[in-house]
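Reader: Could you take me on a close look at one part of this model? I would enjoy a connected account of a cavity and the helices around it.

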Amino acid sequence: DEVKHYRENNSNNSTASIPKVEQTTSKSTNNTSLDPTSKEYQTEALGVVKKAITKMKDKNLAKLAYAALDKNKNVNIIFDPKYSRGNAKYDLGSNTIYLGSKHSSEQIVHELIHAATAQAIETDTKFAEQISQLYTYAYKQKGKLNPELTKVIDKLESMDSKERLHEFMTLGLTNPNFVAELKKIPVGKRIWNKFKAAFMQMLGLPVNEFDTVYGNLLGSLYDA
């Protein structure tokens with residue numbers, strides 16, 4: 001359920017507790033008392049993530065990851081054993097990415113993008129307005145989409161304005177079926193092109209590189 005995805009992964013409670021973890025990124029790996037919110041933990045956790053990005057064979061994905069990190073410099077990283085491979089979480093309220101010990105490089109990039117776009121909607125007025133306008137255009141075309149995706153759009157309408165933007169962004173970046181259906185209608189192609197442009201400009205990357213840098217990520221996640 002595309003709508004449920006947002007509600008499960010984007011708590012807006014800024015006082016949400018951050019769980020203690022058994023595994024830390026500290027050089028003293030036997031030290032289980034290291035506070036995940038501490039500067040020491042976050043410095044080393046970010047180092048682990050950057051090292052993983054550096055080792056990526058697909059340099060386009062690495063480029064995307066670094067751009068997302070640069071956009072969201074204050075993101076927190078926590079390694080939590082309860083998140084297994086392919087099962088990560090981003091919490092909007094605390095701007096924290098939770099990763100398991102066996103996370104893939106693609107999963108790291110995916111969560112960094114999730115975090116960067118979510119924060120941009122909250123703090124970048126221009127970007128939020130662009131996505132809001134695109135959603136309005138897409139909503140007006142819902143009758144031309146297939147029944148399943150029309151229901152998805154209807155669910156978005158039941159959300160508050162900010163939640164709706166977050167979920168619409170998720171649809172555009174993670175649901176190939178939604179994009180494919182949207183592109184079948186003439187105005188849909190224009191909406192999608194503007195969506196790609198807004199996303200890449202937000203990250204400070206050339207718009208014409210979207211299909212290369214993001215298409216590879218989307219493909220790897222769905223093929224995994």
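Author: Happy to; what follows looks at the second largest cavity, then at helix packing beside it and elsewhere.

Please keep in mind that this is a predicted model. Searching the whole structure turns up two cavities of 30 Å³ or more. The second largest cavity holds about 30 Å³ of space. Which residues line the second largest cavity? They are Phe 168, Gly 172, Phe 178, Leu 182, Ile 191, Trp 192 and Phe 195. Seen by element, α7 (161–174), α8 (176–182) and α9 (186–203) each give two or more residues to this lining. The most comes from α9, with three residues. Sorted by class, the lining has six nonpolar residues and one polar residue, with no charged ones. Glycine is counted as polar here, so Gly 172 is the polar member of the lining.

Now for two of the helices that supply this lining. Two packed helices are described by the angle between their axes and the distance between the axes. For α7 and α9, the angle is about 100 degrees and the axes are 11 Å apart. Angles of 65 to 115 degrees count as roughly perpendicular, and α7 and α9 are therefore roughly perpendicular to each other. On the α7 side the contact involves Phe 168, Met 169, Gly 172 and Leu 173, which meet Trp 192, Phe 195 and Phe 199 of α9. The residues of this contact comprise six nonpolar and one polar, and no charged. Phe 168, Gly 172, Trp 192 and Phe 195 appear both in this contact and in the cavity lining.

Another helix pair can be set beside this one. Helix α2 (residues 39–54) packs with helix α4 (residues 105–123) at an angle of about 120 degrees, their axes lying 10 Å apart. These two helices, α2 and α4, are therefore oblique to each other, and α2 passes α4 in a left-handed crossing. Val 49, Ala 52 and Ile 53 of α2 make the contact with Ser 105, Ile 108 and Leu 112 of α4. By class, the contact of α2 with α4 has five nonpolar residues, one polar and no charged.

Definitions and conventions
Residues are numbered from 1 along each chain as its sequence is written. This is a predicted model: local features need pLDDT of at least 70, side-chain atom pairs count only at pLDDT 80 or more; totals for chains, interfaces and linings use all residues. Side-chain values use heavy atoms; hydrogens and water are left out. Axes are lines fitted to C-alpha atoms, for helices over the stretch in contact, and angles run from 0 to 180 degrees between N-to-C directions. Helices (H or I, at least four residues) and strands (E, at least two) are DSSP runs, numbered from the N terminus. Angles under 35 degrees count as roughly parallel, over 145 as roughly antiparallel, 65 to 115 as roughly perpendicular and the rest as oblique. A crossing is left-handed if the near helix is turned anticlockwise from the far one by less than a right angle, and right-handed if clockwise. Contact means heavy atoms within 4.5 Å. On a 1 Å grid over the protein atoms alone, a cavity is a set of points where a 1.4 Å probe fits but cannot get out, and a pocket is an open set with protein on both sides within 12 Å along at least five of seven lines; lining residues have an atom within 4 Å of a point. Grid points are joined across faces, edges and corners, and a volume is the space filled by probe spheres set on the points.
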